[in-house]
Amino acid sequence: MEARLNYFTSPTAGRVIKPFMSAGRAIKDSALPTATQELVALRVSQINGCAVCLDMHTKDAAAAGETAVRLNLVAAWREATVFTDAERAALELAEEGTRVADATDGVSDEVWEHAAKHHDEEQLTALVMLVSFINAVNRLNIITQQPAGDYVPGEFH
């Protein structure tokens, strides 16, 4: 499969992607735990069906020490016992923040309050930015049919 667009050769993409990816690096360096970041990125990418991001975040999480059991259970996090309460709150916020069209109120007060119970303001800010960022990256990849499978952990960091 070949991508519809090559972001690495397009001057327009270069001017947009470089600062955009800088935002992603700033989120990576935030107070939100790395494990939570990877689990959230993985869940958002599962919901959106972004193969490239699933490839990247699965491999990056594994390289950072995440277990196969937890990675395999992200899609069923509600029934899985391997996630902390803070991770579950982040995954719940990520789901509602990704599926905003499915709810008239977007992210519910209950979900927000649950996340706020487990994350301080800086972590919440990073979580909101991460969910928004991954959703945008998913769309960039899906629209242009970026191929998945060849990602090497840490390649874009």
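A residue counts as buried when its relative accessible area is under 20%. Keep that cut-off in mind, because 10 of the 14 residues of helix α5 are buried, so this helix is largely enclosed by the rest of the structure. What you're looking at is a predicted model. The tour below starts with α5, moves on to its salt bridges, and then visits the surface and a few other spots along the chain.

**Helix α5**

- Helix α5 covers residues 85–98, which makes 14 residues.
- From its first C-alpha to its last, α5 reaches 20 Å, close to the 20 Å expected at 1.5 Å a residue.
- Which residues of α5 are buried? They are E87, R88, A89, A90, L91, E92, L93, A94, E95 and T98.
- Charged residues are on that list too, including E87 and E95, and both turn up again in the salt bridges below.

**Salt bridges**

- How many salt bridges does the count come to? The count comes to seven, and here are some of them.
- E95 pairs with R43, and the closest N and O atoms of this salt bridge are 2.7 Å apart.
- That pair links distant parts of the chain, with E95 in helix α5 and R43 in helix α2 (residues 34–48), 52 residues apart.
- Are the two partners buried or exposed? E95 has a relative accessible area of 4%, so it is buried, and R43 is buried as well, at 9%.
- E87 also has a salt-bridge partner: its side chain meets that of R70, at 2.7 Å from N to O.
- Because E87 lies in helix α5 and R70 in helix α4, this pair ties together parts that are 17 residues apart in sequence.
- E87 is buried, with a relative accessible area of 7%, and R70 counts as buried at 12%.
- E95 has another partner in R78, with the closest N and O atoms of that salt bridge 2.8 Å apart.
- Here too the pair links distant parts of the chain: R78 sits in the loop between α4 and α5, E95 sits in helix α5, and they are 17 residues apart.
- R78 has a relative accessible area of 45%, so it is partly exposed, whereas E95 is buried.
- Put together, salt bridges that share partners join R43, R78, E95 and R99 into one network.

**Surface patches**

- Which residues form the negative surface patch? D105, D109, E110 and E113 do.
- D109 from that patch belongs to helix α6, which spans residues 109–118.
- Exposed means over 50% relative accessible area, so D109 counts as exposed with its 61%.
- There's also a nonpolar surface patch of about 200 Å², made by V69, L73 and V82.
- V69 from the nonpolar patch has its place in helix α4 (residues 68–73).

**Helix α7 and the segment after it**

- Helix α7 runs over residues 121–143, and I143 is found in it.
- I143 is exposed, with a relative accessible area of 58%.
- How far apart are I143 and C50? They're 93 residues apart in sequence and 9.8 Å apart in space, C-alpha to C-alpha.
- N138 lies in helix α7 as well, but it counts as buried, at 0% relative accessibility.
- Along the chain, N138 and V16 are 122 residues apart, and their C-alpha atoms are separated by 15 Å.
- Q145 lies in the segment after α7, and at 32% relative accessibility it counts as partly exposed.
- What about the backbone of Q145? Its phi is near 50°, a positive value in a residue other than glycine.

**Before helix α1**

- Where is N6? N6 lies in the segment before α1, a helix that covers 11–28.
- N6 counts as partly exposed, at 39% relative accessibility.
- The C-alpha atoms of N6 and G49 are separated by 20 Å, and the two residues are 43 residues apart along the chain.

Note on methods: Residues are numbered from 1 along each chain as its sequence is written. This is a predicted model: local features need pLDDT of at least 70, side-chain atom pairs count only at pLDDT 80 or more; totals for chains, interfaces and linings use all residues. Side-chain values use heavy atoms; hydrogens and water are left out. Patches are made of residues with over 30% relative accessible area and no salt bridge: like charges are joined within 9 Å, nonpolar side chains (Val, Leu, Ile, Met, Phe, Trp, Tyr) within 5 Å. Accessible areas come from the Shrake-Rupley method with a 1.4 Å probe; for residues, only the protein chains shown count as cover. A salt bridge is a side-chain nitrogen of Lys or Arg within 4 Å of a carboxyl oxygen of Asp or Glu. Lys and Arg count as positive and Asp and Glu as negative; His and the chain ends are not counted. The place of a charge is taken as NZ of Lys, CZ of Arg, CG of Asp or CD of Glu. Helices (H or I, at least four residues) and strands (E, at least two) are DSSP runs, numbered from the N terminus. Buried means under 20% relative accessible area, exposed over 50%, partly exposed in between (1.4 Å probe, protein chains only). The expected span of a helix is 1.5 Å times one less than its number of residues.
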